[in-house]
Amino acid sequence: MSVESGRLPAEGVQRMFDRIAPVYDAMNRVMTAGLDQRWRRATVREAVLPGERVLDACCGTGDLAVAARKAGAREVIGIDFSERMLERARRKAPEVEWIQADVLALPFDDASFDAAVVGFGVRNVEDLSAGLKELRRVLRPGGRLGILEITKPRGPLAVFYKLWFDRIVPLLGRVLPGGAAYTYLPASVRRFPGPEELADLLRTCGFENVRFRRFAGGIVALHVGEAA
Ligand SMILES: C[S@@+](CC[C@H](N)C(=O)[O-])C[C@H]1O[C@@H](n2cnc3c(N)ncnc32)[C@H](O)[C@@H]1O
């Protein structure tokens, strides 16, 4: 496991996000030209209904949880194992409950949420199947899981994407705190399952009516599935 292979043990991931927490939101806005918030709103629109109890897993600095609250969720809980990311989330939205926890061992009862969302998180989880099954466990039957994740584009955008992700993003990392994170990022996307494969895995892990759509020419994919 290494930064270059895009695979890190859980402690490595946790330390990496602790280090980049101060620049995380700014980097997101710069790297996506501000589109990341639009994708988060789309995730919430497809996965969350007003009045629901919602889990934002791997919540980081909490932007998805905040979007879920704005969309009328009754109660939102954000979990993440990086305390430094959670500190920023707490400052951003004190009305949300923020809990330090591992998505592989969620401190919640079975079937206790109506919906769960994960933004740019599942790619970092050491055991992806175990994480999806754990999310399935805490959703009520019929509850929705929305997964927003970076993916590998096809077609003309693939060339631009390669230049941006493989050359420019790691360069940015040289001048920012936690720079290794920006070598890890493109490498982790390269080894992560493509959208079709992730949809199949969701089915294997107990979700039905699984569908996905791509944003921004296929740089990002949103998967939605219902707990069987
Ligand atoms: C790229 S950030 C995404 C943050 C946020 N969801 C967003 O939309 O910007 C990934 C987050 O996943 C968290 N994370 C990764 N693996 C985790 C795990 N096993 N349990 C809990 N959090 C995890 C990291 O600490 C980090 O804050």
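Guide: Two strands pair if DSSP finds at least two bridges between them. Helices (H or I, at least four residues) and strands (E, at least two) are DSSP runs, numbered from the N terminus. You're looking at a predicted model, where local features need pLDDT of at least 70, side-chain atom pairs count only at pLDDT 80 or more, and totals for chains, interfaces and linings use all residues. Residue numbers start from 1 along each chain as its sequence is written.

Visitor: OK, let's start with the sheet. Which strands stand at the edges?

Guide: Read across the open sheet of 7 strands and you get β3-β2-β1-β4-β5-β7-β6, with mixed pairing. The strands at the two ends of that order each have a single partner strand, so one side of each is left without a neighbour in the sheet; they are β3 (97-100) and β6 (207-215).

Visitor: How many bridges join β4 and β5?

Guide: Take β4 as residues 113-119 and β5 as residues 139-150. Phe113 stands opposite Leu139 of β5. The two strands pair in the parallel sense, and the count of bridges is 6.

Visitor: And which residue in β5 is the bridge partner of Ala116?

Guide: We've already met Leu139, opposite Phe113. For Ala116, go to another β5 residue: the bridge partner is Leu145.

Visitor: Is β5 mostly covered or uncovered, and how many of its residues are buried?

Guide: Count a residue as buried if 20 or more other C-beta atoms, placed from the backbone, lie within 10 Å of its own. By that count β5 is mostly covered, with its buried residues, out of 12, numbering 9.

Visitor: Which β4 neighbour at position 113 does Val54 touch?

Guide: Touching here means that C-beta atoms, placed from the backbone, lie within 7 Å. Leaving out residues up to four places away in sequence, Val54 touches a list that includes Val48, Ala68, Ala73 and Val76. Asp114, Ala115, Ala116 and Val117 are on that list too, and so is the residue you asked about, Phe113.

Visitor: Now the ligand. Which element supplies the largest share of the shell?

Guide: There are 21 residues around the ligand (C-beta atom, placed from the backbone, within 6 Å of it), and the closest are Phe17, Cys58, Gly60, Ser82 and Gly119. Both α1 (10-32) and α3 (63-70) supply at least two residues of that shell. The largest share, 4 residues, comes from α1.

Notes
Contact = placed C-beta atoms within 7 Å.
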